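Thanks for asking me to look this one over. Here are my notes, set out as numbered points so that you can follow them with the structure open beside you.

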Amino acid sequence: MTTSHAQRSQPEAREDAAPTRLERENAQLRQAVDSHATVDQAIGVLVAVHRLAPTAGFEVLREVSQHANVKLHAVAETVIDWALGDPLPPPVGRQLDAAVRRRLRTQGDTGESG
């Protein structure tokens, strides 16, 4: 019984695809870590500037992302840029102000502090 060329090349094709797949996964993981770090920095800005609890800072970012229809990591980058002196884009600025006010009211009601 003979083995066709296609059958013999399948393991080779899988072996060739493995490094590519691993490189792609590695790039995705690096991007996720970078995005997470950016979100953490933006939470730190909100904690420092608005005296929010860290969990409230994350909720503010999440709300702004949803209401302004902007990805979370992009909102986080905008908040960091704002802390460095750049203006906030109007839709993000409006949503950020509203979300911070809501969280500060909630924090005040629960006695929660940062």
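1. Among contacts in the protein with a separation of 6 or more, 62% join residues 24 or more positions apart. Please keep in mind that this is a predicted model. The protein has four helices and zero strands, and along the sequence the pattern reads α-α-α-α. Of its 114 residues, 26% are buried.

2. Now to the interior. The largest nonpolar core has 21 residues, and those with the most contacts inside it are Leu-46, Val-60, Leu-61, Val-64, Val-79 and Leu-96. At least two residues of this core come from each of α1 (5-50), α2 (54-68), α3 (72-83) and α4 (90-110). As general background, nonpolar side chains in soluble globular proteins tend to be buried together.

3. Which residues of α2 are buried? They are Ala-56, Gly-57, Val-60, Leu-61, Glu-63, Val-64, Ser-65 and Ala-68. The helix also has the length one would expect: at 1.5 Å a residue, the 15 residues of α2 should span 21 Å, and the end C-alpha atoms are 21 Å apart, so the two values agree.

4. Leu-61 is a good residue to click on in α2. Its relative accessibility is 0%, so Leu-61 counts as buried. Setting aside residues up to four places away in sequence, Leu-61 touches Val-39, Ala-42, Ile-43, Leu-46, Leu-72, Val-75 and Val-79. For one of these partners, Leu-46, the C-alpha atom is separated from that of Leu-61 by 9.0 Å, with the two positions 15 residues apart along the chain.

5. Val-60 deserves a look as well. Apart from neighbours within four places in sequence, Val-60 is in contact with Leu-46, Leu-52, Leu-96, Ala-99, Val-100 and Arg-103. Leu-46 is therefore a partner you will meet again here, being listed among the contacts of Val-60 and among those of Leu-61.6. Is Glu-63 of α2 buried or exposed? At 9% relative accessibility, under the 20% cut-off, Glu-63 counts as buried. Glu-63 lies in helix α2 and touches Ala-99, Arg-102 and Arg-103, not counting residues up to four places away in sequence. Ala-99 and Arg-103 are also listed among the contacts of Val-60.

7. On to α3, which has twelve residues. From the first C-alpha to the last, α3 reaches 17 Å, close to the 16 Å expected at 1.5 Å a residue. Its buried residues are Val-75, Ala-76, Thr-78, Val-79 and Ile-80. After α3 comes Gly-85, whose phi is positive, near 115 degrees.

8. How do α2 and α3 meet? They pack at an angle of about 115 degrees, with their axes 9 Å apart. Angles of 65 to 115 degrees count as roughly perpendicular, so that is the description for this pair. The contact is made by Phe-58, Leu-61, Arg-62, Val-64 and Ser-65 of α2 together with Leu-72, Val-75 and Val-79 of α3. The crossing of α2 past α3 is right-handed.

9. Two loop residues are worth checking for their backbone angles. Most residues other than glycine have a negative phi. Arg-51, in the loop between α1 and α2, has a positive phi near 55 degrees. With 67% relative accessibility, Arg-51 counts as exposed. Asn-69 has a positive phi of about 55 degrees too, although it is not a glycine. Asn-69 follows α2 and is found in the loop between α2 and α3. At 71% relative accessibility, Asn-69 counts as exposed.

10. Last, a residue from α1: Val-47. Its relative accessibility is 25%, so Val-47 counts as partly exposed. Leaving out residues up to four places away in sequence, Val-47 touches Leu-52, Ala-53 and Pro-54. The C-alpha atoms of Val-47 and Gly-57 are separated by 6.3 Å, and these residues are ten apart along the chain. Gly-57 is one of the buried residues of α2.

How values were computed. Residues are numbered from 1 along each chain as its sequence is written. This is a predicted model: local features need pLDDT of at least 70, side-chain atom pairs count only at pLDDT 80 or more; totals for chains, interfaces and linings use all residues. Side-chain values use heavy atoms; hydrogens and water are left out. A nonpolar core is a set of buried Ala, Val, Leu, Ile, Met, Phe, Trp, Tyr and Cys residues joined through side-chain atoms within 4.5 Å. Buried means under 20% relative accessible area, exposed over 50%, partly exposed in between (1.4 Å probe, protein chains only). Contact means heavy atoms within 4.5 Å. The expected span of a helix is 1.5 Å times one less than its number of residues. Axes are lines fitted to C-alpha atoms, for helices over the stretch in contact, and angles run from 0 to 180 degrees between N-to-C directions. Angles under 35 degrees count as roughly parallel, over 145 as roughly antiparallel, 65 to 115 as roughly perpendicular and the rest as oblique. A crossing is left-handed if the near helix is turned anticlockwise from the far one by less than a right angle, and right-handed if clockwise.
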